[in-house]
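Me: I want to know what stands behind the words used for this fold. Take me through them one by one.

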Amino acid sequence: MILAEMARWRMAPGTVLTLGPTPASLAAAAGAPVDSVPPSFLQADHLRAYAARRRAGGVHRAWTGVATDLDGPLDRDALARALTRLVTTHEGLRSWFDLTGEVPVRHVVPVADVEHAVVDVRELEVEDGSWDEALQAHLVRTFDAACRPDAWPGFVLGAVEHADGFGLFWGCDHAFTDGASQLMVASELADLYAAEVAEPGGPALVEGALPTPQESGPFGVFAAAERARAATYDASSPEVRAWTDLVESRGGRLPSFPLDLGLEPGTTAPVHIASYDLLDAGAASRLDARCRALGVRTVSAVFAALAATDHLLAGRATYAGVTVLGARDTGPYLRSHGWFCTFAPVLFEVAPHADDLDALLVAAHAGFESGRRTSRMPAHVALAEMLRTGVLGPDGVGSPQLVSYLDVRRFPGAGRTAHERGVHFTGEGRTANASMWVNRDAERLYVGLQHPDTPEAHDAVARYSAVLARVAGALAEGSTSLPEVETSRAGHVG
(Lines give C-alpha, C1' and ligand atoms only; values in the text may rest on other atoms or scores of the structure.)
Protein backbone atom coordinates (compact mmCIF):
# COMPACT_ATOMS: atom_id res chain seq x y z
CA MET A 1 0.00 0.00 0.00
CA ILE A 2 1.44 3.34 -1.08
CA LEU A 3 0.36 6.57 0.62
CA ALA A 4 0.45 9.09 -2.21
CA GLU A 5 -1.58 11.40 -4.43
CA MET A 6 -4.68 9.87 -6.02
CA ALA A 7 -3.18 10.13 -9.51
CA ARG A 8 -0.68 7.39 -8.60
CA TRP A 9 -3.51 4.89 -9.16
CA ARG A 10 -3.54 3.91 -12.83
CA MET A 11 -6.15 1.60 -14.27
CA ALA A 12 -6.71 0.16 -17.75
CA PRO A 13 -9.67 1.71 -19.59
CA GLY A 14 -13.01 0.04 -18.95
CA THR A 15 -16.57 0.35 -17.74
CA VAL A 16 -16.98 2.40 -14.58
CA LEU A 17 -19.49 1.25 -11.95
CA THR A 18 -20.73 2.94 -8.81
CA LEU A 19 -22.36 1.03 -5.96
CA GLY A 20 -24.74 2.49 -3.42
CA PRO A 21 -27.74 1.79 -1.21
CA THR A 22 -30.93 0.50 -2.75
CA PRO A 23 -33.89 2.94 -2.76
CA ALA A 24 -35.44 1.10 0.18
CA SER A 25 -32.19 1.33 2.12
CA LEU A 26 -31.88 5.06 1.40
CA ALA A 27 -35.44 5.66 2.56
CA ALA A 28 -34.79 3.78 5.79
CA ALA A 29 -31.58 5.72 6.39
CA ALA A 30 -33.37 9.06 6.06
CA GLY A 31 -35.56 8.04 8.99
CA ALA A 32 -32.87 6.20 10.92
CA PRO A 33 -33.13 6.34 14.73
CA VAL A 34 -31.37 9.08 16.65
CA ASP A 35 -28.36 7.97 18.66
CA SER A 36 -27.86 10.08 21.77
CA VAL A 37 -24.06 9.86 21.62
CA PRO A 38 -22.53 13.20 20.60
CA PRO A 39 -19.85 13.31 17.89
CA SER A 40 -16.29 12.63 18.96
CA PHE A 41 -14.08 15.68 19.41
CA LEU A 42 -12.55 15.31 15.96
CA GLN A 43 -15.94 14.73 14.39
CA ALA A 44 -17.28 17.88 16.06
CA ASP A 45 -14.39 19.92 14.62
CA HIS A 46 -15.01 18.40 11.21
CA LEU A 47 -18.74 19.10 11.33
CA ARG A 48 -18.18 22.76 12.26
CA ALA A 49 -15.72 23.16 9.40
CA TYR A 50 -18.12 21.44 7.01
CA ALA A 51 -21.02 23.68 8.01
CA ALA A 52 -18.87 26.82 7.65
CA ARG A 53 -17.68 25.73 4.23
CA ARG A 54 -21.23 25.06 3.10
CA ARG A 55 -22.37 28.48 4.30
CA ALA A 56 -19.52 30.09 2.37
CA GLY A 57 -20.37 28.12 -0.77
CA GLY A 58 -17.03 26.28 -0.74
CA VAL A 59 -16.23 22.77 -1.93
CA HIS A 60 -16.12 20.07 0.74
CA ARG A 61 -13.11 17.92 -0.03
CA ALA A 62 -12.36 16.46 3.41
CA TRP A 63 -12.55 12.92 2.15
CA THR A 64 -9.97 10.20 2.02
CA GLY A 65 -9.85 6.96 0.13
CA VAL A 66 -8.05 4.02 -1.36
CA ALA A 67 -7.90 2.37 -4.76
CA THR A 68 -6.53 -0.99 -5.85
CA ASP A 69 -6.95 -3.59 -8.57
CA LEU A 70 -7.79 -7.28 -8.58
CA ASP A 71 -7.48 -10.11 -11.08
CA GLY A 72 -10.32 -12.03 -12.70
CA PRO A 73 -13.77 -11.09 -13.97
CA LEU A 74 -15.97 -8.88 -11.81
CA ASP A 75 -19.08 -10.38 -10.22
CA ARG A 76 -21.13 -7.23 -9.69
CA ASP A 77 -23.71 -8.78 -7.39
CA ALA A 78 -21.00 -10.32 -5.22
CA LEU A 79 -19.30 -6.94 -4.88
CA ALA A 80 -22.59 -5.34 -3.82
CA ARG A 81 -23.10 -8.04 -1.19
CA ALA A 82 -19.51 -7.55 0.00
CA LEU A 83 -20.16 -3.82 0.47
CA THR A 84 -23.30 -4.59 2.46
CA ARG A 85 -21.32 -6.92 4.73
CA LEU A 86 -18.62 -4.29 5.24
CA VAL A 87 -21.14 -1.64 6.25
CA THR A 88 -23.13 -3.90 8.55
CA THR A 89 -19.89 -4.88 10.32
CA HIS A 90 -18.85 -1.30 11.11
CA GLU A 91 -21.33 0.85 13.00
CA GLY A 92 -19.42 4.02 12.11
CA LEU A 93 -20.20 3.49 8.43
CA ARG A 94 -23.91 3.34 9.21
CA SER A 95 -23.98 6.77 10.86
CA TRP A 96 -24.73 10.27 9.62
CA PHE A 97 -25.35 13.66 11.25
CA ASP A 98 -28.34 15.95 11.06
CA LEU A 99 -26.82 19.44 11.01
CA THR A 100 -30.00 21.48 10.64
CA GLY A 101 -30.07 22.48 14.32
CA GLU A 102 -27.52 24.10 16.60
CA VAL A 103 -26.22 20.73 17.83
CA PRO A 104 -25.27 17.83 15.52
CA VAL A 105 -27.61 14.87 15.92
CA ARG A 106 -26.23 11.43 15.20
CA HIS A 107 -28.34 8.85 13.39
CA VAL A 108 -27.40 5.18 12.94
CA VAL A 109 -28.95 3.06 10.19
CA PRO A 110 -30.12 -0.34 11.52
CA VAL A 111 -28.26 -3.35 10.17
CA ALA A 112 -31.46 -4.82 8.74
CA ASP A 113 -31.95 -1.72 6.56
CA VAL A 114 -28.55 -1.86 4.84
CA GLU A 115 -28.53 -3.18 1.29
CA HIS A 116 -26.39 -2.18 -1.68
CA ALA A 117 -26.51 -2.60 -5.43
CA VAL A 118 -24.88 -1.23 -8.57
CA VAL A 119 -26.48 2.17 -9.07
CA ASP A 120 -24.54 3.61 -12.02
CA VAL A 121 -22.76 2.12 -15.04
CA ARG A 122 -21.02 4.31 -17.59
CA GLU A 123 -18.27 4.61 -20.16
CA LEU A 124 -16.16 7.68 -19.45
CA GLU A 125 -15.99 10.33 -22.15
CA VAL A 126 -12.38 11.00 -23.10
CA GLU A 127 -12.14 14.14 -25.18
CA ASP A 128 -9.08 16.38 -25.09
CA GLY A 129 -7.34 14.56 -22.25
CA SER A 130 -6.32 11.00 -21.56
CA TRP A 131 -8.22 8.10 -20.01
CA ASP A 132 -6.21 8.56 -16.81
CA GLU A 133 -7.23 12.21 -16.59
CA ALA A 134 -10.88 11.36 -17.28
CA LEU A 135 -10.84 8.71 -14.56
CA GLN A 136 -9.25 11.05 -12.03
CA ALA A 137 -11.82 13.74 -12.81
CA HIS A 138 -14.61 11.19 -12.37
CA LEU A 139 -13.23 10.09 -9.00
CA VAL A 140 -13.05 13.66 -7.72
CA ARG A 141 -16.62 14.38 -8.86
CA THR A 142 -17.86 11.12 -7.33
CA PHE A 143 -16.13 11.64 -3.98
CA ASP A 144 -17.12 15.32 -3.80
CA ALA A 145 -20.76 14.39 -4.29
CA ALA A 146 -20.96 11.30 -2.08
CA CYS A 147 -18.53 11.86 0.78
CA ARG A 148 -20.30 14.20 3.19
CA PRO A 149 -21.23 13.87 6.87
CA ASP A 150 -24.84 15.11 6.77
CA ALA A 151 -26.42 12.33 4.69
CA TRP A 152 -26.07 8.59 4.40
CA PRO A 153 -23.99 7.08 3.05
CA GLY A 154 -20.93 9.23 3.68
CA PHE A 155 -18.87 6.88 1.51
CA VAL A 156 -18.89 5.43 -1.98
CA LEU A 157 -17.48 2.31 -3.62
CA GLY A 158 -16.89 1.95 -7.32
CA ALA A 159 -15.17 -0.30 -9.80
CA VAL A 160 -13.50 -0.12 -13.19
CA GLU A 161 -14.24 -3.29 -15.14
CA HIS A 162 -11.88 -4.23 -17.98
CA ALA A 163 -10.79 -7.30 -19.92
CA ASP A 164 -8.04 -8.44 -17.53
CA GLY A 165 -9.64 -7.73 -14.17
CA PHE A 166 -11.11 -4.81 -12.31
CA GLY A 167 -10.13 -1.93 -10.10
CA LEU A 168 -11.82 -0.81 -6.91
CA PHE A 169 -12.05 2.75 -5.66
CA TRP A 170 -13.37 3.75 -2.25
CA GLY A 171 -13.87 7.19 -0.73
CA CYS A 172 -15.22 8.18 2.67
CA ASP A 173 -15.87 11.45 4.44
CA HIS A 174 -13.22 11.98 7.13
CA ALA A 175 -15.93 12.13 9.82
CA PHE A 176 -16.28 8.36 9.50
CA THR A 177 -12.75 7.19 8.80
CA ASP A 178 -9.04 7.58 9.50
CA GLY A 179 -5.80 6.51 7.87
CA ALA A 180 -5.72 3.12 9.58
CA SER A 181 -9.26 2.39 8.41
CA GLN A 182 -8.25 3.21 4.86
CA LEU A 183 -5.19 0.98 5.06
CA MET A 184 -7.44 -1.92 6.07
CA VAL A 185 -10.51 -1.37 3.92
CA ALA A 186 -9.14 -2.48 0.53
CA SER A 187 -8.08 -5.87 1.83
CA GLU A 188 -11.28 -6.28 3.84
CA LEU A 189 -13.43 -5.53 0.79
CA ALA A 190 -11.39 -7.91 -1.33
CA ASP A 191 -11.73 -10.67 1.26
CA LEU A 192 -15.46 -10.11 1.58
CA TYR A 193 -15.80 -10.13 -2.19
CA ALA A 194 -13.88 -13.41 -2.48
CA ALA A 195 -16.11 -14.94 0.19
CA GLU A 196 -19.25 -13.79 -1.63
CA VAL A 197 -18.02 -15.17 -4.97
CA ALA A 198 -17.36 -18.54 -3.34
CA GLU A 199 -20.63 -18.67 -1.42
CA PRO A 200 -23.12 -15.84 -0.80
CA GLY A 201 -22.90 -15.05 2.90
CA GLY A 202 -20.03 -17.48 3.28
CA PRO A 203 -16.97 -17.30 5.53
CA ALA A 204 -13.65 -15.66 4.72
CA LEU A 205 -11.38 -17.78 2.55
CA VAL A 206 -8.28 -16.68 4.46
CA GLU A 207 -8.23 -17.36 8.19
CA GLY A 208 -8.21 -14.15 10.17
CA ALA A 209 -8.86 -12.02 7.09
CA LEU A 210 -12.02 -10.44 8.48
CA PRO A 211 -12.39 -8.62 11.81
CA THR A 212 -14.10 -10.37 14.67
CA PRO A 213 -16.75 -8.70 16.87
CA GLN A 214 -13.99 -8.26 19.48
CA GLU A 215 -12.01 -6.21 16.92
CA SER A 216 -14.81 -4.11 15.40
CA GLY A 217 -16.47 -2.31 18.31
CA PRO A 218 -18.96 0.51 17.60
CA PHE A 219 -17.55 3.98 17.02
CA GLY A 220 -20.38 5.47 19.07
CA VAL A 221 -19.10 3.64 22.15
CA PHE A 222 -15.63 5.05 21.50
CA ALA A 223 -16.99 8.60 21.15
CA ALA A 224 -18.96 8.34 24.40
CA ALA A 225 -15.94 6.95 26.25
CA GLU A 226 -13.74 9.73 24.88
CA ARG A 227 -16.12 12.38 26.23
CA ALA A 228 -16.27 10.62 29.60
CA ARG A 229 -12.49 10.38 29.77
CA ALA A 230 -12.09 14.06 28.94
CA ALA A 231 -14.29 14.97 31.92
CA THR A 232 -11.75 13.39 34.29
CA TYR A 233 -9.10 16.03 33.46
CA ASP A 234 -8.92 19.72 34.38
CA ALA A 235 -6.53 22.67 34.30
CA SER A 236 -4.32 21.13 36.96
CA SER A 237 -3.71 17.89 35.06
CA PRO A 238 -0.06 17.28 34.11
CA GLU A 239 -1.22 16.45 30.58
CA VAL A 240 -2.48 20.04 30.20
CA ARG A 241 0.90 21.25 31.42
CA ALA A 242 2.65 19.12 28.79
CA TRP A 243 0.65 20.76 26.00
CA THR A 244 1.24 24.19 27.53
CA ASP A 245 5.00 23.59 27.56
CA LEU A 246 4.88 22.71 23.88
CA VAL A 247 2.92 25.80 22.87
CA GLU A 248 5.00 28.12 25.03
CA SER A 249 8.18 26.74 23.44
CA ARG A 250 6.77 27.89 20.08
CA GLY A 251 5.91 31.38 21.25
CA GLY A 252 2.22 30.76 21.81
CA ARG A 253 1.56 28.88 18.59
CA LEU A 254 1.18 25.28 17.51
CA PRO A 255 4.05 23.74 15.51
CA SER A 256 4.78 24.77 11.94
CA PHE A 257 7.04 23.62 9.12
CA PRO A 258 10.47 25.17 9.66
CA LEU A 259 10.99 26.62 6.18
CA ASP A 260 9.20 29.40 4.30
CA LEU A 261 6.28 28.05 2.28
CA GLY A 262 5.59 31.25 0.36
CA LEU A 263 2.38 32.28 2.13
CA GLU A 264 1.41 35.47 3.89
CA PRO A 265 0.26 35.00 7.51
CA GLY A 266 -3.35 33.83 7.68
CA THR A 267 -3.51 32.65 4.07
CA THR A 268 -3.72 29.19 2.54
CA ALA A 269 -3.07 27.58 -0.83
CA PRO A 270 -4.26 24.43 -2.60
CA VAL A 271 -2.66 21.24 -1.32
CA HIS A 272 0.05 19.45 -3.24
CA ILE A 273 1.14 15.95 -2.20
CA ALA A 274 4.77 14.95 -2.59
CA SER A 275 6.63 11.79 -1.63
CA TYR A 276 10.35 11.23 -1.02
CA ASP A 277 12.30 8.07 -0.22
CA LEU A 278 14.40 8.19 2.94
CA LEU A 279 15.88 4.70 3.36
CA ASP A 280 15.78 1.46 1.43
CA ALA A 281 14.81 -1.77 3.18
CA GLY A 282 18.37 -2.68 4.13
CA ALA A 283 19.15 0.71 5.65
CA ALA A 284 15.81 0.72 7.49
CA SER A 285 16.70 -2.64 9.02
CA ARG A 286 20.04 -1.27 10.16
CA LEU A 287 18.21 1.65 11.77
CA ASP A 288 15.98 -0.87 13.57
CA ALA A 289 19.08 -2.63 14.90
CA ARG A 290 20.59 0.59 16.22
CA CYS A 291 17.35 1.45 17.97
CA ARG A 292 17.09 -2.00 19.55
CA ALA A 293 20.64 -1.73 20.88
CA LEU A 294 19.71 1.53 22.60
CA GLY A 295 16.38 0.27 23.91
CA VAL A 296 14.35 2.71 21.81
CA ARG A 297 11.79 2.22 19.07
CA THR A 298 12.11 3.05 15.37
CA VAL A 299 9.45 5.73 15.70
CA SER A 300 11.85 7.49 18.09
CA ALA A 301 14.46 7.53 15.30
CA VAL A 302 11.91 9.13 12.99
CA PHE A 303 11.42 11.99 15.43
CA ALA A 304 15.16 12.25 16.03
CA ALA A 305 15.66 12.63 12.27
CA LEU A 306 12.92 15.27 12.00
CA ALA A 307 14.33 17.18 14.97
CA ALA A 308 17.86 17.09 13.57
CA THR A 309 16.64 18.31 10.17
CA ASP A 310 14.77 21.21 11.81
CA HIS A 311 17.96 22.03 13.71
CA LEU A 312 20.21 21.89 10.65
CA LEU A 313 17.96 23.92 8.36
CA ALA A 314 16.28 26.35 10.77
CA GLY A 315 18.50 26.37 13.84
CA ARG A 316 15.78 25.03 16.11
CA ALA A 317 17.45 23.95 19.36
CA THR A 318 14.30 22.28 20.67
CA TYR A 319 11.99 19.97 18.77
CA ALA A 320 8.32 20.77 19.37
CA GLY A 321 5.91 18.72 17.30
CA VAL A 322 2.42 17.26 17.31
CA THR A 323 2.01 13.66 16.27
CA VAL A 324 -1.09 11.73 15.31
CA LEU A 325 -1.59 8.48 17.22
CA GLY A 326 -4.20 5.76 17.04
CA ALA A 327 -6.63 5.37 19.93
CA ARG A 328 -7.80 1.88 19.03
CA ASP A 329 -6.23 0.40 22.15
CA THR A 330 -8.87 2.11 24.31
CA GLY A 331 -11.41 -0.61 23.50
CA PRO A 332 -12.30 -3.39 21.04
CA TYR A 333 -11.49 -1.21 18.03
CA LEU A 334 -8.39 -2.83 16.53
CA ARG A 335 -10.03 -3.26 13.12
CA SER A 336 -13.06 -0.99 13.41
CA HIS A 337 -13.78 1.56 10.74
CA GLY A 338 -13.92 5.10 12.13
CA TRP A 339 -11.85 8.10 13.26
CA PHE A 340 -9.91 6.54 16.13
CA CYS A 341 -7.21 9.18 16.42
CA THR A 342 -5.65 11.28 19.13
CA PHE A 343 -2.80 13.78 19.25
CA ALA A 344 0.36 13.94 21.33
CA PRO A 345 2.90 16.69 22.00
CA VAL A 346 6.50 15.66 21.35
CA LEU A 347 9.06 17.95 22.99
CA PHE A 348 12.80 17.39 23.51
CA GLU A 349 16.16 19.15 23.24
CA VAL A 350 18.18 18.76 20.03
CA ALA A 351 21.16 21.12 20.14
CA PRO A 352 23.03 19.37 23.00
CA HIS A 353 23.04 16.10 21.03
CA ALA A 354 24.25 17.27 17.60
CA ASP A 355 27.52 15.35 18.11
CA ASP A 356 26.04 12.39 19.97
CA LEU A 357 23.33 10.80 17.88
CA ASP A 358 22.85 7.96 20.34
CA ALA A 359 21.94 10.58 22.93
CA LEU A 360 19.62 12.25 20.42
CA LEU A 361 17.82 8.95 19.84
CA VAL A 362 17.39 8.48 23.59
CA ALA A 363 16.11 12.07 23.98
CA ALA A 364 13.66 11.61 21.09
CA HIS A 365 12.45 8.36 22.63
CA ALA A 366 11.81 10.05 25.98
CA GLY A 367 9.96 12.91 24.26
CA PHE A 368 7.79 10.57 22.21
CA GLU A 369 6.96 8.28 25.13
CA SER A 370 6.02 11.27 27.28
CA GLY A 371 3.74 12.46 24.51
CA ARG A 372 2.21 9.02 24.15
CA ARG A 373 1.28 9.03 27.83
CA THR A 374 -0.15 12.53 27.47
CA SER A 375 -2.31 11.38 24.54
CA ARG A 376 -4.56 9.41 26.89
CA MET A 377 -6.17 12.80 27.58
CA PRO A 378 -8.10 14.09 24.55
CA ALA A 379 -6.07 17.03 23.23
CA HIS A 380 -9.20 19.18 23.10
CA VAL A 381 -9.09 19.47 26.90
CA ALA A 382 -5.72 21.20 26.70
CA LEU A 383 -6.67 23.30 23.67
CA ALA A 384 -9.76 24.63 25.44
CA GLU A 385 -7.75 25.48 28.56
CA MET A 386 -4.96 27.19 26.63
CA LEU A 387 -7.46 29.25 24.66
CA ARG A 388 -9.26 30.19 27.89
CA THR A 389 -6.06 31.37 29.59
CA GLY A 390 -4.54 33.05 26.56
CA VAL A 391 -1.57 30.69 26.33
CA LEU A 392 -2.77 29.97 22.81
CA GLY A 393 -4.45 32.74 20.85
CA PRO A 394 -7.27 31.99 18.40
CA ASP A 395 -4.95 32.87 15.52
CA GLY A 396 -2.39 30.39 16.86
CA VAL A 397 -4.56 27.34 16.23
CA GLY A 398 -4.75 27.74 12.46
CA SER A 399 -3.41 24.84 10.43
CA PRO A 400 -0.79 23.13 12.62
CA GLN A 401 1.87 20.86 11.25
CA LEU A 402 1.08 17.24 12.05
CA VAL A 403 3.46 14.30 11.92
CA SER A 404 2.45 10.65 11.61
CA TYR A 405 4.45 7.42 11.53
CA LEU A 406 2.92 4.21 10.21
CA ASP A 407 4.47 0.80 9.67
CA VAL A 408 2.25 -0.46 6.87
CA ARG A 409 3.73 -3.95 7.14
CA ARG A 410 1.77 -4.50 10.36
CA PHE A 411 -1.69 -3.96 8.91
CA PRO A 412 -4.13 -6.81 8.25
CA GLY A 413 -3.92 -7.75 4.60
CA ALA A 414 -0.28 -6.77 4.19
CA GLY A 415 1.26 -9.07 1.61
CA ARG A 416 -2.04 -9.86 -0.11
CA THR A 417 -2.97 -8.55 -3.54
CA ALA A 418 -5.48 -5.80 -2.71
CA HIS A 419 -3.20 -4.29 -0.07
CA GLU A 420 0.04 -4.50 -2.03
CA ARG A 421 -1.45 -2.94 -5.17
CA GLY A 422 -3.31 -0.23 -3.26
CA VAL A 423 -2.89 3.53 -3.18
CA HIS A 424 -4.15 5.47 -0.15
CA PHE A 425 -4.91 9.14 -0.85
CA THR A 426 -6.64 12.18 0.60
CA GLY A 427 -8.77 14.91 -0.86
CA GLU A 428 -6.65 17.86 -1.91
CA GLY A 429 -8.13 20.95 -0.27
CA ARG A 430 -6.15 23.92 1.07
CA THR A 431 -3.44 24.27 3.69
CA ALA A 432 -1.02 26.72 5.28
CA ASN A 433 1.42 24.12 6.53
CA ALA A 434 3.36 21.04 5.46
CA SER A 435 2.25 18.02 7.46
CA MET A 436 4.32 14.87 7.15
CA TRP A 437 3.38 11.21 7.01
CA VAL A 438 6.43 8.99 7.48
CA ASN A 439 5.68 5.44 6.37
CA ARG A 440 7.48 2.11 6.41
CA ASP A 441 6.72 -0.73 4.05
CA ALA A 442 8.58 -3.84 2.93
CA GLU A 443 10.72 -1.89 0.49
CA ARG A 444 11.53 1.45 2.09
CA LEU A 445 11.02 4.21 4.62
CA TYR A 446 9.57 7.29 2.94
CA VAL A 447 7.89 10.57 3.76
CA GLY A 448 4.74 12.01 2.21
CA LEU A 449 4.04 15.72 2.60
CA GLN A 450 0.84 17.68 2.12
CA HIS A 451 2.07 21.19 1.42
CA PRO A 452 0.86 24.42 -0.19
CA ASP A 453 1.13 24.40 -3.96
CA THR A 454 3.47 27.40 -4.18
CA PRO A 455 6.91 27.59 -5.83
CA GLU A 456 8.49 28.37 -2.47
CA ALA A 457 6.87 25.37 -0.82
CA HIS A 458 7.92 23.00 -3.59
CA ASP A 459 11.52 24.15 -3.19
CA ALA A 460 11.43 24.11 0.62
CA VAL A 461 9.87 20.65 0.85
CA ALA A 462 12.31 19.14 -1.64
CA ARG A 463 15.24 20.66 0.24
CA TYR A 464 13.91 19.56 3.62
CA SER A 465 13.33 16.00 2.42
CA ALA A 466 16.83 15.75 0.95
CA VAL A 467 18.37 16.74 4.29
CA LEU A 468 15.97 14.44 6.16
CA ALA A 469 17.15 11.54 4.00
CA ARG A 470 20.79 12.38 4.78
CA VAL A 471 20.06 12.50 8.51
CA ALA A 472 18.12 9.23 8.39
CA GLY A 473 21.03 7.68 6.51
CA ALA A 474 23.50 8.88 9.16
CA LEU A 475 21.34 7.33 11.88
CA ALA A 476 21.03 4.06 9.95
CA GLU A 477 24.75 3.79 9.29
CA GLY A 478 25.78 4.32 12.90
CA SER A 479 27.17 7.85 12.62
CA THR A 480 27.80 9.66 15.88
CA SER A 481 27.25 13.22 14.61
CA LEU A 482 24.97 15.04 12.22
CA PRO A 483 25.98 15.50 8.58
CA GLU A 484 26.99 18.94 7.40
CA VAL A 485 24.47 20.65 5.13
CA GLU A 486 24.35 23.91 3.20
CA THR A 487 21.65 26.14 4.68
CA SER A 488 21.58 29.34 2.63
CA ARG A 489 19.13 28.42 -0.14
CA ALA A 490 15.86 28.39 1.79
CA GLY A 491 14.49 30.83 4.30
CA HIS A 492 13.16 29.53 7.57
CA VAL A 493 10.63 30.48 10.18
CA GLY A 494 11.32 30.55 13.89
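Me: What share of contacts in the protein between residues at least 6 apart in sequence join residues at least 24 apart?

Reply: The share is 80%. Contact here means heavy atoms within 4.5 Å. One caution: this is a predicted model, where local features need pLDDT of at least 70, side-chain atom pairs count only at pLDDT 80 or more, and totals for chains, interfaces and linings use all residues. Residues are numbered from 1 along each chain as its sequence is written, and side-chain values use heavy atoms, with hydrogens and water left out.

Me: Why is the protein called as compact as a globular protein of its length?

Reply: Its radius of gyration, taken over C-alpha atoms, is 23 Å. The globule rule (2.2 Å times the number of residues to the power 0.38) gives 23 Å for 494 residues. The two values are close, so the protein is as compact as a globular protein of that length.

Me: What makes a residue buried, and how many of the 494 residues count as such?

Reply: Buried means under 20% relative accessible area, with a 1.4 Å probe and protein chains only. By that cut-off, 55% of the 494 residues are buried.

Me: How do you know which strands are the edge strands of the open seven-stranded sheet?

Reply: Strands are DSSP runs of E, at least two residues, numbered from the N terminus. Two strands pair if DSSP finds at least two bridges between them. The order is β1-β14-β4-β9-β8-β2-β7. β1 (2-3) and β7 (116-123) each pair on one side only, and these are the edge strands.

Me: What makes β1 and β14 a pair?

Reply: Two bridges join β1 to β14 (residues 423-426), and the strands run parallel. The bridge partner of L3 in β14 is H424.

Note on methods
Helices (H or I, at least four residues) and strands (E, at least two) are DSSP runs, numbered from the N terminus. Buried means under 20% relative accessible area, exposed over 50%, partly exposed in between (1.4 Å probe, protein chains only).
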